[in-house]
Amino acid sequence: MTHSLLELRHLRTLVALKQSGTMSRAAQLLNVTQSALSHQVKILEEQYQASLFERKSSPIVFTAAGQRLLELATRVLPAVETAERDLARLAGHGSGKLRIAVECHTCFDWLMPSMDALRERWPQVEQDIISGFQADPVGLLHQDRAELAIVSDIDEDETDMVFHPLFEFEMVALLPLNHRYLAKPYLEAGDFAGQALITYPVPDDMLDLVRQVLKPAGIEPPRRTTELTVGMLQLVASGRGFAALPLWAVNGYLERGYVARQRIGPDGLTGRLYAVIPKHLAGNAYLADFVHVMRETSLLSFPGIKLM
């Protein structure tokens with residue numbers, strides 16, 4: 001019997017290409033370099049002496065050979081993943097609590113779809129979000145009041161915690177429609193001077209715009225705060241000030257022409273999010289799977305997200 005070259009990683013590559021539509025996004029999804037991904041595809045194509053997808057197609061269009069392998073992948077991979085979860089349950093690790101603490105008001109937009117996906121995979125895991133904004137979500141892990149926290153920065157002094165990079169994203173400035181600053185190529189720190197800055201009621205060190213741009217430049221614009229994203233956008237739309245939010249959190253409002261966006265700095269302003277798990281829970285199967293689910297679901301569902 002001829003030995004097959006196919007491995008699970010090859011099948012995962014094909015599914016990632018189908019889901020993401022491009023080589024670069026598939027590489028992010030699989031946490032490999034684009035060159036490593038191209039090498040995998042090349043090996044398969046040499047083995048089967050056939051191209052797997054049409055070159056320069058966007059999104060990727062599979063050939064007949066690629067489609068046949070993709071059909072195999074869509075049957076095999078779910079069966080393998082289900083079996084692995086069943087084995088975790090048989091070992092007594094398939095149920096428990098997942099209490100999530102978050103420090104960002106906009107986290108719920110991408111977090112809820114991830115929780116829905118995990119519920120399908122681990123139905124016996126009781127999920128909950130710790131109510132209210134948490135200024136110190138990692139502190140809740142120390143108090144055994146949560147199993148996972150979502151934070152925007154790594155604290156290297158937290159030696160009892162494991163930090164998992166989730167994704168990075170562009171923070172955009174939100175301006176009223178037809179504002180004169182929309183003619184600029186990008187906004188600088190000085191452009192915020194004299195403009196009311198509309199933010200959530202959180203400490204300055206949790207605001208990327210303040211921490212990374214305004215504070216280093218010594219700019220302290222007047223402030224207005226609101227708990228609600230829609231309230232923030234309403235104030236911007238009525239000309240009451242500027243705001244800065246993740247692109248994925250406001251894309252729907254931008255598409256409807258409610259407010260306008262502008263880049264912050266020549267290279268844009270980047271925000272990052274991390275999942276934090278106590279070291280003693282690092283081997284928990286459903287927690288580890290949730291980190292994977294959050295990364296995959298967010299990359300495939302929201303614009304402007306890039307995996308770290």
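**Figure 1. Gln234 in helix α8.** Gln234 is found in helix α8 of this predicted model. With a relative accessibility of 39%, the residue counts as partly exposed, because the partly exposed class lies between the 20% and 50% limits. Along the chain, Gln234 and Val259 are 25 residues apart, and their C-alpha atoms are separated by 8.6 Å.

**Figure 2. The loop leading into helix α8, centred on Thr226.** Thr226 is found in the loop between β6 (223-225) and α8 (229-237). The relative accessibility of Thr226 is 18%, so the residue counts as buried; the limit for this class is under 20%. Within the loop, the side chain of Thr226 reaches the backbone nitrogen of Leu228 at 3.4 Å. Beyond the neighbours within four places in sequence, Thr226 is in contact with Ile198, Thr199, Tyr200 and Pro201, and also with Gly231 and Met232.

**Figure 3. Ala243 in strand β7.** The view is centred on Ala243, whose place is in strand β7. Ala243 counts as buried, because its relative accessibility is 0%. Once neighbours within four places in sequence are left aside, the contacts of Ala243 are Val172, Ala173, Leu174, Leu197, Ile198, Met232 and Val236. Gly271 lies 28 residues from Ala243 along the chain, and the C-alpha atoms of the two are separated by 15 Å.

**Figure 4. Helix α9 and the elements packed against its buried residues.** Helix α9 spans residues 247-255, and its buried residues are Leu247, Trp248, Ala249, Val250 and Leu254. These buried residues pack against two helices, α5 (107-121) and α8, and against the strands β4, β7 (243-246), β8 (260-262) and β10 (305-307). Just after α9, Gly257 takes a positive phi of about 70 degrees.

**Figure 5. The nonpolar cores, with Ile150 at the centre of the view.** The largest nonpolar core has 86 residues, and those with the most contacts inside it are Trp110, Leu148, Ile150, Leu174 and Met294. Strand β4 (residues 161-175) gives the most to this core, contributing 8 residues. Apart from residues up to four places away in sequence, Ile150 touches Ile100, Ala101, Val102, Glu103, Cys107 and Trp110, together with Pro137, Leu166, Leu273, Tyr274, Ala275 and Met294. A second, separate core is made up of 12 residues, among them Ile130, Leu140, Val151 and Tyr274.

**Figure 6. Backbone geometry in the loop between α3 and α4.** Two residues of one loop are shown. Gln49 lies in the loop between α3 and α4, and Pro59 is found in the loop between α3 (34-48) and α4 (64-90). The phi of Gln49 is near 50 degrees, a positive value in a residue other than glycine. Gln49 has a relative accessibility of 72% and therefore counts as exposed, the limit for that class being over 50%. Ser58 and Pro59 are joined by a cis peptide bond, with omega about 0 degrees. In general, most residues other than glycine have a negative phi, and most peptide bonds are trans.

**Figure 7. Asp144 in the loop between α6 and β3.** Asp144 lies in the loop that connects α6 (137-142) with β3 (148-151). Its phi is near 60 degrees, again positive in a residue other than glycine. Asp144 is exposed, because its relative accessible area is 53%.

**Figure 8. The whole chain, for orientation.** The chain contains 10 helices and 10 strands. Its C-alpha atoms fill a box of roughly 75 × 50 × 35 Å along the principal axes. Of its 308 residues, 48% count as buried. The accessible surface comes to about 15700 Å², and carbon and sulfur atoms account for 50% of this area. Among contacts in the chain with a separation of 6 or more, 74% are between residues 24 or more positions apart. The chain carries 30 positive and 36 negative charges, and the mean positions of the two sets are 6 Å apart.

Methods
Residues are numbered from 1 along each chain as its sequence is written. This is a predicted model: local features need pLDDT of at least 70, side-chain atom pairs count only at pLDDT 80 or more; totals for chains, interfaces and linings use all residues. Side-chain values use heavy atoms; hydrogens and water are left out. Helices (H or I, at least four residues) and strands (E, at least two) are DSSP runs, numbered from the N terminus. Buried means under 20% relative accessible area, exposed over 50%, partly exposed in between (1.4 Å probe, protein chains only). A polar contact is a pair of N or O atoms within 3.5 Å; within protein, one must be able to donate a hydrogen and the other to accept it, and residues adjacent in sequence count only if both atoms are side-chain atoms. Contact means heavy atoms within 4.5 Å. Accessible areas come from the Shrake-Rupley method with a 1.4 Å probe; for residues, only the protein chains shown count as cover. Lys and Arg count as positive and Asp and Glu as negative; His and the chain ends are not counted. The place of a charge is taken as NZ of Lys, CZ of Arg, CG of Asp or CD of Glu. A nonpolar core is a set of buried Ala, Val, Leu, Ile, Met, Phe, Trp, Tyr and Cys residues joined through side-chain atoms within 4.5 Å.
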